[in-house]
Amino acid sequence: MAHIIDGKSISNALKEELAQHVAAMDHKPGLAVILVGEDPASNVYVNNKIKACEKTGIRSIEHRLPADTTDQAIETLITRLNDDNDVDGILLQLPLPKHLDSDRLVQLICAAKDVDGLNLLNAGALVAGVDGMVPCTPQGSMILIKSVLKDLNGLNAVVIGRSLLFGKPMAQLLLQENCTVTMAHSRTKNIEDVCRNADILVAAVGREKMVKADWIKPGACVIDVGINRMENGKLCGDIDFDAALDIAGAITPVPGGVGPMTIACLLANTIKARKQQS
Ligand code: NAP
C-alpha cells in the first residue's frame, strides 16, 4: 500500500514556519491580489489566498474589478502596483474574462513582484538555473517529492503536461535535482510505456483518472496535480488513485495533496519578494 503524501499537513508546517519568519520582519510583506469578474472558483481561490496571507502576517491588498474592466484599466493598475513600495508581490488571478489579453497583462507584472513566477524573465531564470521566482505549484510539488525521496540523483522523472504554469517549470526543477526528465503531452506516443519507466511520475493534464495503475512503475513516487470535477460533484485528480495505491510507493491525494502547497508557496514567494526588494 502506497504512502499517502499529506499535502495539507506539510503545507501547514510550512505556513507556520513562514508566519514565524514574518513575525521577525520589521516591514511586513504585502501581496496585491487582482480579481476581475465574478468567476465563483476564482473567487474561492482568492478568498483562500487572502485568508492564508492574514494568518501568516502578510498584508493583502485586494483589487476586485468588474467583469467589463478594460485591458487599459488593468495595465494602469499593474503599473501603479509595480511602482508602489508597499506592494511586494502582485497576483493577477487567472483565468481573466475572455475579452482581456491575459498573456500580455501577466507579462506587465515586474519580475521582482511576479509571485506566480509567470514573467518570462523568471521562466528564463529557472531554465538558466539562476535565482528567480519559481511558479508556486511546481515549487510545492517538489517539496512533496522531497518529503519522500531524499536523493533524486539519476532518477527517471516523467512529467505529463507541458504548460508554462506547471509542466515546463516542474521539468526544470527535476532537472536541477539531476533527474533524467521526460516530458509527455497530448502528442506523446505510447504514453503508458513512457510512464512505466518513471521513478517519479507527475501528472498535470486535467483529465479525470487518465493515468491507470498499470502505467505506474511499482514503488514510484506519484504526484497528482490535476483537479477534475466528477459527475457526482466530487473532485479527483489525473491518476486513478484507488487503483494506484496498490502499485505506487508514495502518492498525493486530490484534494489534500498538491493544492494546499500552492498557497503555501505563494506566501513563500511574497516573503522572498519583500526580502529582495528591501
Ligand atoms: P493546461 O495548460 O491545459 O495543460 C495541460 C497539458 O496536458 C498540456 O500540455 C496538454 O498537452 C496535456 N495533455 C492534454 N491531453 C493529454 C493527453 N491525453 N495525454 C497527455 N497529455 C495531455 O493545464 P495546466 O494549467 O498545466 O493544468 C493541468 C491540471 O493541473 C489542471 O487540472 C489544473 O486544474 C491543475 N492545476 C492544479 C493546480 C493546483 O494548485 N493543484 C495548479 C495548476 C494547475 P499539449 O501541450 O500537447 O496540448
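## A walk from the cavity to the ligand

Strand 4 (residues 89-92) gives the largest share of the lining of the largest cavity, three residues. That is a handy place to start in this predicted model. The rest of the lining can be read off easily: I90, L91, L92, L94, V106, I109, D114, D116 and L118 line the largest cavity. Sorted by class, this lining has seven nonpolar residues, no polar ones and two charged ones. The largest cavity has a volume of about 50 Å³, and the structure holds one cavity of 30 Å³ or more. If you like to picture how such spaces are found, rolling a probe the size of a water molecule over the atoms shows where empty space is left.

Stay with L94 for a moment, since this lining residue has a further feature to show. A cis peptide bond joins L94 to P95, with omega at about 0 degrees. P95 itself sits in the loop between strand 4 and helix 4 (102-108). The chain has another such bond, between V254 and P255, again with omega of about 0 degrees. Here the loop that holds P255 runs between strand 11 (250-251) and helix 10. As background for both of these, and for the residue that follows, most residues other than glycine have a negative phi, and most peptide bonds are trans. The residue in question is N190, which is not a glycine but has a positive phi of about 50 degrees. You will find N190 in the loop between strand 6 (180-184) and helix 8 (191-196).

Now step back to the chain as a whole. The domain assignment gives domain 1 as 27-111 and domain 2 as 136-259. Measuring between C-alpha centres, domain 1 and domain 2 lie 29 Å apart.

Next comes an open space, the second largest pocket, which contains about 200 Å³. Its lining is made up of I160, G161, R162, S163, H185, S186, T188, I191, A204, V205, R207 and M210. By class, five of these lining residues are nonpolar, five are polar and two are charged.

Keep R162, S163 and S186 from that lining in mind as we turn to the ligand. Which residues come nearest to the ligand? Of the 20 residues around the ligand, the nearest are R162, S163, S186, I227 and T262. By class, the shell divides into nine nonpolar, nine polar and two charged residues. Helix 10 (residues 258-277) provides the largest share of this shell, three residues.

A few polar atoms deserve a look up close. The side chain of S186 has an N or O atom 2.5 Å from an oxygen atom of the ligand. The backbone takes part in the picture too: an N or O atom of the I227 backbone is 3.1 Å from a ligand oxygen, and for V225 a backbone N or O atom lies 3.5 Å from an oxygen atom of the ligand. How much of the ligand's accessible area does the protein cover? On its own the ligand has 920 Å² of accessible area, and the protein covers 69% of that.

Notes
Residues are numbered from 1 along each chain as its sequence is written. This is a predicted model: local features need pLDDT of at least 70, side-chain atom pairs count only at pLDDT 80 or more; totals for chains, interfaces and linings use all residues. Side-chain values use heavy atoms; hydrogens and water are left out. A residue is near a molecule or strand if one of its heavy atoms lies within 4 Å of it. A polar contact is a pair of N or O atoms within 3.5 Å; within protein, one must be able to donate a hydrogen and the other to accept it, and residues adjacent in sequence count only if both atoms are side-chain atoms. Accessible areas come from the Shrake-Rupley method with a 1.4 Å probe; for residues, only the protein chains shown count as cover. Helices (H or I, at least four residues) and strands (E, at least two) are DSSP runs, numbered from the N terminus. Ala, Val, Leu, Ile, Met, Phe, Trp, Tyr, Cys and Pro count as nonpolar, Asp, Glu, Lys and Arg as charged, and the others, Gly among them, as polar. On a 1 Å grid over the protein atoms alone, a cavity is a set of points where a 1.4 Å probe fits but cannot get out, and a pocket is an open set with protein on both sides within 12 Å along at least five of seven lines; lining residues have an atom within 4 Å of a point. Grid points are joined across faces, edges and corners, and a volume is the space filled by probe spheres set on the points. Domain bounds come from an automatic or database domain assignment.
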